[in-house]
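Please find below some comments on the model you sent round. They are given as numbered points and can be read in any order.

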Amino acid sequence: AQENLELVCKIKGTPNTKVIEKLEVVGLLDRKDSKFRTFSLGMKQRLAIGVALLGNPDFLILDEPINGLDPTGIQDMRNFLLKLNREEHITIMISSHILGELSKIATKYGIIKNGKLNEEITAKELNEKCQCCLKIKASDTAQAAILIEKNLHTKNYEILSDNNIRIFEYVDNPGIVNSLLVNHGISVDECTVTKESLEDYFNEKMRGGIVNA
């Protein structure tokens with residue numbers, strides 16, 4: 001491990017005085033004399049980050065840093081990245097499809113679709129969007145929205161692209177909403193209380209996202 005970092009320093013023409021320090025930062029100091037081939041995937045990932053840290057960056061870009069890791073390795077990598085951010089004051093941008101893990105560490109999200117930034121949203125804003133709601137699948141979402149506004153006196157809802165409506169009120173009393181729609185001739189195929197995850201939100205955006213709100 002130590003020779004790997006020293007070789008990178010030699011290639012870049014920079015002093016190797018920070019090699020031991022960086023090995024300690026990435027948690028590999030006790031394996032500094034071990035062969036690379038003996039490393040687990042997680043250790044190899046951390047060594048690669050150690051290489052990136054040699055230049056004392058303020059900003060790191062990581063592509064799928066937990067890909068292929070087992071549950072313990074994923075947890076270790078998550079804690080390691082949080083430590084880099086909090087103790088080394090490094091901003092980290094992660095490209096990943098493992099959304100459940102991103103939700104545990106990210107403070108801001110960028111959703112990319114067809115090579116373009118579809119949305120940029122903070123963790124706080126996402127949490128507000130993914131609050132508990134009443135999700136209804138109805139035969140006529142446009143008419144349902146009109147009824148909800150007129151009779152339930154709320155605009156706190158969203159019409160989704162797949163003929164579903166999310167209502168952020170009446171979560172404790174879905175029967176009122178269901179009865180309102182049915183009594184006005186709108187078929188209700190589903191009426192459930194749910195809380196969206198980051199994965200749900202991402203998939204919704206990939207399908208086309210919210211068409212009205």
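The points below cover a strand and its partners, the cysteines, two backbone angles and one glutamate.

1. The model is predicted, and the remarks here should be read with that in mind.

2. Strand 7 covers residues 164-167. Its side chains go two ways: Asn164 and Arg166 point to one side, Ile165 and Ile167 to the other, and all of them are buried. In a regular strand, side chains alternate between the two faces of the sheet.

3. Strand 7 pairs with strand 5 (residues 132-138); the two run antiparallel and are joined by 4 bridges. Within this pairing, lysine 135 has arginine 166 of strand 7 as its bridge partner.

4. Strand 6 (residues 157-160) also pairs with strand 7, again in the antiparallel sense, over 3 bridges. Here isoleucine 159 is matched with isoleucine 165, its bridge partner in strand 7. The side chain of Ile165 points the other way from that of Arg166, the residue bridged to lysine 135.

5. How many disulfides does the structure hold? The count is 0. A disulfide is a covalent bond between the sulfur atoms of two cysteines. On accessibility, cysteine 9 is buried at a relative accessible area of 3%, and cysteine 133 is buried at 1%. Cysteine 133 falls within strand 5, residues 132-138.

6. Asparagine 56 has a positive phi, about 50 degrees, although it is not a glycine. Most residues other than glycine have a negative phi. Asparagine 56 is placed in the loop between helix 3 (41-53) and strand 1 (59-63). With a relative accessibility of 43%, asparagine 56 counts as partly exposed.

7. Asparagine 114 likewise is a residue other than glycine with a positive phi, in this case near 55 degrees. Asparagine 114 lies in the loop that links strand 3 (108-113) to strand 4 (116-122). Is asparagine 114 buried or exposed? Its relative accessibility is 72%, over the 50% cut-off, so asparagine 114 counts as exposed.

8. Glutamate 119 sits in strand 4. Its relative accessible area is 15%, under the 20% cut-off, so glutamate 119 counts as buried. Which residues does glutamate 119 contact, leaving aside its neighbours within four places in sequence? They are Tyr109, Gly110, Ile111, Lys129, Tyr201 and Lys205. Among these, Tyr109, Gly110 and Ile111 fall within strand 3 (108-113).

Notes. Residues are numbered from 1 along each chain as its sequence is written. This is a predicted model: local features need pLDDT of at least 70, side-chain atom pairs count only at pLDDT 80 or more; totals for chains, interfaces and linings use all residues. Side-chain values use heavy atoms; hydrogens and water are left out. Buried means under 20% relative accessible area, exposed over 50%, partly exposed in between (1.4 Å probe, protein chains only). Two strands pair if DSSP finds at least two bridges between them. A disulfide is a pair of cysteine sulfur atoms within 2.5 Å. Contact means heavy atoms within 4.5 Å.
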